Amino acid sequence: MSHEGEVSGGEGGGGGGVGGGGGVAGAMALTGLEGKVAVVTGAGRMRSIGRPLAVELARAGCDVVITGTGRSPGRYPDDEKAAGWRDIESVADEVRALGRRAWAVVTDVSDAAAVEQLADGVMREFGRVDVVVNNAGAARGADRVPVIDLELAEWHKVIDVNLHGTFYMSRAFGRRLVEQGRGGSIINISSVGGKMMAARTAAYSASKAAIHALTCAMADELGRNAVRVNAICPGIIDTYRLDDIPRGEPFDAMVRTQIPLGRAGTGEDVAWMVIYLCADQGSWISGQLYTVDGGMVRGR
């Protein structure tokens, strides 16, 4: 079984943004993000979660730092090639089109020194940081086997990116949020996999469950500095990460049998929860592990 939230990247399109457009949404506009600076890791994919995270944060008023791994265009899926996609540079252009500043940075979140350089660069370029969204994740692949068949290199690859990367980012930027003295928000994009802990997903599930523990411990530690730390656990999100399941009947059958609300999620479904948690209206929420999955994993 595949679950999103293990992604690095984001899906575009979809709606007019949080609090936009009038009517009920206009009356309930979220506040407090205008002029803030957000960092979103793993945000270069055209169809995934990171792209709408960056775009919706910009729509809410943030300048956005967008990171990616600098993948070769030869590795782009066909739809990205056809669209002339340019990875994090394309997402940065979308942020700028909304009137906000964007900085696209190639980095490796599994490298502690590279993360420190990123944090220093953000402070040098923007003079502040307010929101950190840890979205980067290891590619799904040869780790999806029983534990007794799991190669050590595959285990380390998943843990290094998913868990260590989240830890390095949270430590480096958490220090700077405390030093600033203005509070802020750290959001860890986890997965329902960290709650379901299914067979043949040991490395992935362990990395995500550990992120839940990291989230809760940091929320307790940083709350006195007005820094909130939460995790979001997406379920089945219709992105490139699930392209190994053919669209059409195989994909539709998975959705019918597993999701009570009857549709796969989008990157925007995750992004809108992020916006709420980072806005003034989410200022009394910390240390939580929010499932966003159409009702698939209930009560936990």
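**Questions about cavities, cores and two loops**

Reader: Which helix gives the largest share of the lining of the second largest cavity?

Author: Helix H6 (residues 152-180) does, with three residues. Helices here are DSSP runs of H or I with at least four residues, strands are runs of E with at least two, and both are numbered from the N terminus. Before we go on: this is a predicted model, where local features need pLDDT of at least 70 and side-chain atom pairs count only at pLDDT 80 or more, while totals for chains, interfaces and linings use all residues. Residues are numbered from 1 along each chain as its sequence is written, and side-chain values use heavy atoms, with hydrogens and water left out.

Reader: What makes that spot a cavity, and how many residues of each kind line the second largest cavity?

Author: On a 1 Å grid over the protein atoms alone, a cavity is a set of points where a 1.4 Å probe fits but cannot get out, whereas a pocket is an open set with protein on both sides within 12 Å along at least five of seven lines. The second largest cavity holds about 30 Å³, and the whole structure has two cavities of 30 Å³ or more. Its lining is Thr-41, Val-109, Asn-134, Asn-135, Ala-136, Gly-165, Thr-166 and Met-169. Those split into three nonpolar, five polar and no charged residues; Gly-165 goes with the polar ones because Gly is counted there.

Reader: And what about the second largest pocket: which residues lie nearest its centre?

Author: Lys-36, Arg-182, Gly-183, Gly-184 and Arg-228 do, out of 16 lining residues. The second largest pocket has about 230 Å³ of space. Charged residues number six in this lining, beside five nonpolar and five polar.

Reader: Why is something called a nonpolar core, and which residues have the most contacts inside the largest one?

Author: A core is a set of buried Ala, Val, Leu, Ile, Met, Phe, Trp, Tyr and Cys residues joined through side-chain atoms within 4.5 Å. The largest has 34 residues, and Leu-57, Val-64, Ile-66 and Val-133 have the most contacts inside it. Elements giving it two or more residues include strand E1 (37-40), helix H2 (50-59), strand E2 (63-68) and helix H10 (267-278). H10 supplies the largest share, six residues. A second, separate core has 30 residues, among them Leu-118, Ala-119, Phe-173 and Ala-203.

Reader: Which residues does Val-133 touch?

Author: Leaving aside residues up to four places away in sequence, Val-133 touches Val-39, Val-40, Thr-41, Leu-53, Leu-57, Ile-187, Ile-189 and Val-274. Touching is a contact, which means heavy atoms within 4.5 Å.

Reader: Why does Arg-200 count as buried, partly exposed or exposed?

Author: Buried means under 20% relative accessible area, exposed over 50%, and partly exposed lies in between. Arg-200 has 47% relative accessibility, so it counts as partly exposed. Ala-226, at 45%, also lands there, so Ala-226 is partly exposed too. Arg-200 sits in the loop between helix H7 (193-196) and helix H8 (202-222), while Ala-226 sits in the loop between H8 and strand E6 (227-234). Phi is positive in both, near 70° for Arg-200 and near 65° for Ala-226.

Reader: How do you know whether the chain agrees with a compact globule?

Author: The globule rule is 2.2 Å times the number of residues to the power 0.38, and the radius of gyration is taken over C-alpha atoms. For 300 residues that comes to near 19 Å; the chain has 18 Å, so the two agree. The C-alpha trace spans about 45 × 40 × 40 Å along its principal axes, and 54% of the residues count as buried.

Notes: On a 1 Å grid over the protein atoms alone, a cavity is a set of points where a 1.4 Å probe fits but cannot get out, and a pocket is an open set with protein on both sides within 12 Å along at least five of seven lines; lining residues have an atom within 4 Å of a point. Grid points are joined across faces, edges and corners, and a volume is the space filled by probe spheres set on the points. Buried means under 20% relative accessible area, exposed over 50%, partly exposed in between (1.4 Å probe, protein chains only).
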